[in-house]
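Here is a short report on the pockets, aromatic contacts and domains of one protein model.

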Amino acid sequence: MLGQLFNKETQAIFFNYKEKPVQRMLDFDFVCGRETPSVAALVTPGSSGGFQKLFFGKNEIAIPVYGSIAEATRKHPKADVFINYASFRSAYESSLQALNSATLRVVAIIAEGVPEKDTKHLIAVARANNKVIIGPATVGGVQAGAFKIGDTAGTLDNIVACKLHRPGSVGFVSKSGGMSNEMYNVLARATDGLYEGIAIGGDAFPGSTLSDHCLRYEHIPAIKMIVVLGELGGTDEYGLVEAIKAGAVTKPVVAWVSGTCAKLFKSEVQFGHAGARSGGDLESAQAKNAALREAGATVPDSFEGLEGAIKSVYDKLVAAGTLVPAADVPAPAIPQDLAAAVAAGKVRVPTHIVSTICDDRGEEPTYYGVTMSELIEGDYGIGDVISLLWFKRKLPKYATKFIEMCVMLCADHGPCVSGAHNAIVTSRAGKDIVSSLVSGLLTIGPRFGGAIDDAARYFKVACDAGQSPADFVEGLKKKGIRVAGIGHRIKSKDNRDKRVELLQKYARKFFPSTRYLDYAVDVETYTLQKAPNLVLNVDGCIGALFLDLLASSGCFSDKEAAEIVEIGYLNALFVVARSIGLVGHALDQKRLQQPLYRHPWEDVLYTS
């Protein structure tokens with residue numbers, strides 16, 4: 001484990017993708033002046049692959065995603081650091097795979113709470129394979145100006161303030177990740193800054209110890225002094241004591257063991273970390289601080305004195321010429337994320353979509369200001385939902401009931417009409433429900449369902465102009481235009497469409513006016529003189545009655561009514577209604593397990 005773990009070319013495989021830690025690593029890379037990103041690949045267990053888009057400076061890059069550690073290491077053999085963001089439940093298995101990989105040399109385990117027996121086994125595997133474990137329960141580590149693990153050192157502002165974008169002269173190791181961030185600030189104030197810092201993790205059995213890293217620092221020429229932050233509990237610090245006494249660590253060491261306040265309590269105290277508990281006298285902060293001081297380390301009387309002690313040792317090294325302070329290098333500005341800039345009010349960004357009918361940003365979604373709670377708990381139906389989302393207003397109950405009637409009456413008209421036929425054929429071809437529905441919907445047009453819009457448009461123009469039914473019909477005939485809303489293949493004067501009768505009966509009872517319906521009926525009277533099947537059909541009836549609803553409800557201006565007819569609202573109602581039937585036909589065929597449809601030869605006229 002001698003020497004450096006990282007350098008400016010180090011690349012990592014990141015397990016269990018988390019966007020912010022990965023992006024912070026890439027931002028660190030950029031301010032350090034790295035030419036290549038430090039994250040080579042992402043592993044999301046079970047993933048089918050693909051990429052995640054992230055930023056490297058101002059440029060957007062795509063980092064490959066793999067479904068397994070084996071695939072990632074095979075594709076990226078130069079990546080030798082494994083950053084494991086798995087939960088404590090799965091950290092053992094994934095870390096074991098990484099340790100058994102030939103290309104991975106350092107494994108950082110972020111999760112805390114990994115079972116001690118699992119950690120002990122991972123440590124044994126690491127030692128047997130000459131691998132390094134950082135953690136569990138760690139934020140990771142950082143080599144200034146070169147590489148950092150995940151969220152180490154916090155935000156980019158803190159990284160730059162701590163001079164971590166360029167290497168200093170101090171090797172630092174700590175049990176606490178949170179205190180590491182604080183100490184990076186201390187080192188930036190008291191010295192020329194950090195060279196490498198490691199948080200070994202606060203669990204009782206860390207994968208690597210304080211002394212392990214101090215011994216590494218001894219063999220890194222750029223590190224001129226070592227700073228150690230220990231804590232009560234365990235005996236890890238005594239390994240460093242022995243290393244100093246044996247001459248294995250000769251560089252100046254400044255150390256402090258936190259937790260001296262534990263002596264004030266009458267019983268054993270458990271601090272924040274699993275390994276930080278006040279056990280016997282040997283594990284106390286006082287005993288370990290005394291042992292380090294006796295071995296030759298510089299140990300202040302309190303944590304408050306640590307910064308002064310570090311500066312004193314640093315100044316002596318500079319005065320002796322042992323340490324030449326690293327030059328301060330300005331960090332390049334990292335582009336600010338758009339979301340952060342918008343939140344800070346620094347930029348104005350135009351929106352790409354405008355929505356006036358709903359809002360899903362609050363505690364519960366709203367349909368034009370009406371909450372889901374009100375819709376479900378109040379006296380609302382599908383007609384009310386359509387009125388809110390389509391017309392952006394609450395319509396009278398008779399109007400929303402009429403809309404629901406239209407949906408009910410138009411939901412289906414048997415398996416032989418073009419839309420149902422297409423949906424049935426598509427379903428029998430083995431296609432999914434959406435495909436079957438769409439194949440049916442695509443037949444809706446001027447000859448199937450779409451006549452509602454045209455009927456409303458023609459009836460409105462003619463009725464508003466006071467045109468007689470005869471002039472209206474004959475005028476369209478001269479132009480070669482069929483009378484929309486008039487005519488039926490099956491229904492006739494003596495075989496009326498029951499749907500039309502029900503709609504007329506309802507409207508004459510509840511609508512304030514049926515002026516347009518009356519006009520449509522007068523047109524029917526004229527067309528029936530020409531042929532018995534030229535009856536007012538359901539499209540024409542709905543079109544005329546919608547005109548009456550728009551004109552007499554008092555909820556729409558003339559301009560709004562004209563716009564609704566022109567845009568195609570009425571045909572949309574048929575689309576909504578018929579979707580119910582088309583889905584029904586598609587499901588019916590699947591339920592019956594009908595085979596692929598083939599049209600019979602005898603129903604085709606083969607001719608040249």
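The largest pocket of this predicted model has a volume of about 1300 Å³. Its lining counts 34 residues, and Arg447, Gly487, His488, Arg489 and Asn537 are the closest to its centre. A pocket here is an open set of points on a 1 Å grid over the protein atoms alone, where a 1.4 Å probe fits, with protein on both sides within 12 Å along at least five of seven lines; lining residues have an atom within 4 Å of a point. The volume is the space filled by probe spheres set on the points, which are joined across faces, edges and corners.

Three helices, α17 (451–464), α21 (538–552) and α23 (569–591), each supply at least two residues of the lining of the largest pocket. The largest share, 3 residues, comes from α17. Helices (H or I, at least four residues) and strands (E, at least two) are DSSP runs, numbered from the N terminus.

The second largest pocket has a volume of about 700 Å³. It is lined by 24 residues; Gln23, Arg24, Asp27, Asp337 and Ala340 are the closest to its centre. Two or more lining residues come from each of α1 (19–32), β3 (51–56) and α5 (156–161). Here α1 gives the most, with 6 residues.

The table sets out both linings by class. Ala, Val, Leu, Ile, Met, Phe, Trp, Tyr, Cys and Pro count as nonpolar, Asp, Glu, Lys and Arg as charged, and the others, Gly among them, as polar.

| Pocket | Nonpolar | Polar | Charged |
|---|---|---|---|
| Largest pocket | 15 residues | 10 residues | 9 residues |
| Second largest pocket | 12 residues | 4 residues | 8 residues |

Next, the rings. The whole structure holds 14 aromatic pairs, counted where ring centres of Phe, Tyr and Trp (its six-membered ring) lie within 6.5 Å. One aromatic cluster joins Phe391, Tyr398, Phe402, Phe511, Phe546, Phe556 and Tyr569.

Charges also sit over rings (NZ of Lys or CZ of Arg within 6 Å of the ring centre and within 35 degrees of the ring normal). Lys120 lies over the face of Phe205, 4.5 Å from the ring centre. The charged end of Arg515 is placed over the ring of Tyr516, at 4.9 Å from its centre.

An automatic or database domain assignment sets the domain bounds. It gives domain 1 (12–320) and domain 2 (397–592). Their C-alpha centres lie 72 Å apart.

Residues are numbered from 1 along each chain as its sequence is written, and side-chain values use heavy atoms, with hydrogens and water left out. In this predicted model, local features need pLDDT of at least 70 and side-chain atom pairs count only at pLDDT 80 or more, while totals for chains, interfaces and linings use all residues.

Notes: Rings of Phe, Tyr and Trp (its six-membered ring) pair if their centres lie within 6.5 Å; planes under 30 degrees apart count as stacked, over 60 as edge-to-face and the rest as tilted.
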